[in-house]
Amino acid sequence: MQRANGFFVNYQTLLSRMITSRHSCSKLFIGGLCYDTNEPVLKHAFEQHGEIIEVKVICDHKSGKSKGYGFVKFTSETAASKALKEMDGQLLDGRNIRISYAHKE
C-alpha cells in the first residue's frame, strides 16, 4: 500500500478493478461473419446464452451488403461472458467467428 494525498492506496487492487471493469461489458463484437449472415441468424445463434437487447450486423451504406462484422448486446454481463467463452471460434454460416468485448467509442 502506498500513501497518496492522505489516502492509502492498494495499487494491485486498483489495477485489478480497472482491468476487470474494462473487460466487463454486456456488448460483444462479432467478427468474421459470413457476408450472408443477417440479424435474425445472428440473434438465433446467440440467444441460447441469455436475453438479448440488440443485434446489429454492420452493412455498407451504399451497397447495403454486410461488412462481415456485427454486435450483440445482452441484458447482463454474465450472459455476454458465457456467449464469448462458448461461441468464440465456432462456426456460423460456414465461417469461424471471432468474439471480443465491444469497446466504447
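This short presentation covers the sheet of this predicted model, the helices that pack on it, and one residue in a loop.

I shall begin with the sheet. Four strands form an open sheet, and their order is S4-S5-S3-S8. The pairing in this sheet is antiparallel. At the edges lie strand S4, residues 52-59, and strand S8, residues 98-101, each of which pairs on one side only. From one strand to the next, the twist averages 20°. As a general reminder, strands of a sheet pair through backbone hydrogen bonds, either parallel or antiparallel.

Let us now look at one pair of strands. Strand S5 spans residues 66-74, and 6 bridges join S4 to S5 in an antiparallel arrangement. To give an example from this pair, Ile52 has Phe74 in S5 as its bridge partner.

I turn next to the helices. Helix H3, residues 77-87, packs on the sheet, where it touches S3, S5 and S8. The direction of H3 makes about 150° with that of S8. Helix H2, residues 39-46, lies across strand S3, residues 27-31, and also across S4, S5 and S8. Relative to S4, helix H2 runs at about 140°.

Finally, I would draw your attention to Asp93. Where is Asp93 found? The residue sits in the loop between strand S6, residues 91-92, and strand S7, residues 95-96. Its phi is near 55°, a positive value in a residue other than glycine. Is Asp93 buried or exposed? Asp93 counts as partly exposed because its relative accessibility is 41%, and the partly exposed class lies between the limits of 20% and 50%.

Notes. Residues numbered from 1 in each chain as written. Predicted model: local features only at pLDDT ≥ 70, side-chain atom pairs only at ≥ 80, totals over all residues. Heavy atoms only, no water. Pairing = 2+ DSSP bridges. Helix = DSSP H or I, 4+ residues; strand = E, 2+ residues; numbered from the N terminus. Axes fitted to C-alpha atoms, helices over the stretch in contact; angles between N-to-C directions. Contact = heavy atoms within 4.5 Å. Buried < 20%, exposed > 50% of the residue type's maximum accessible area, 1.4 Å probe, protein only.
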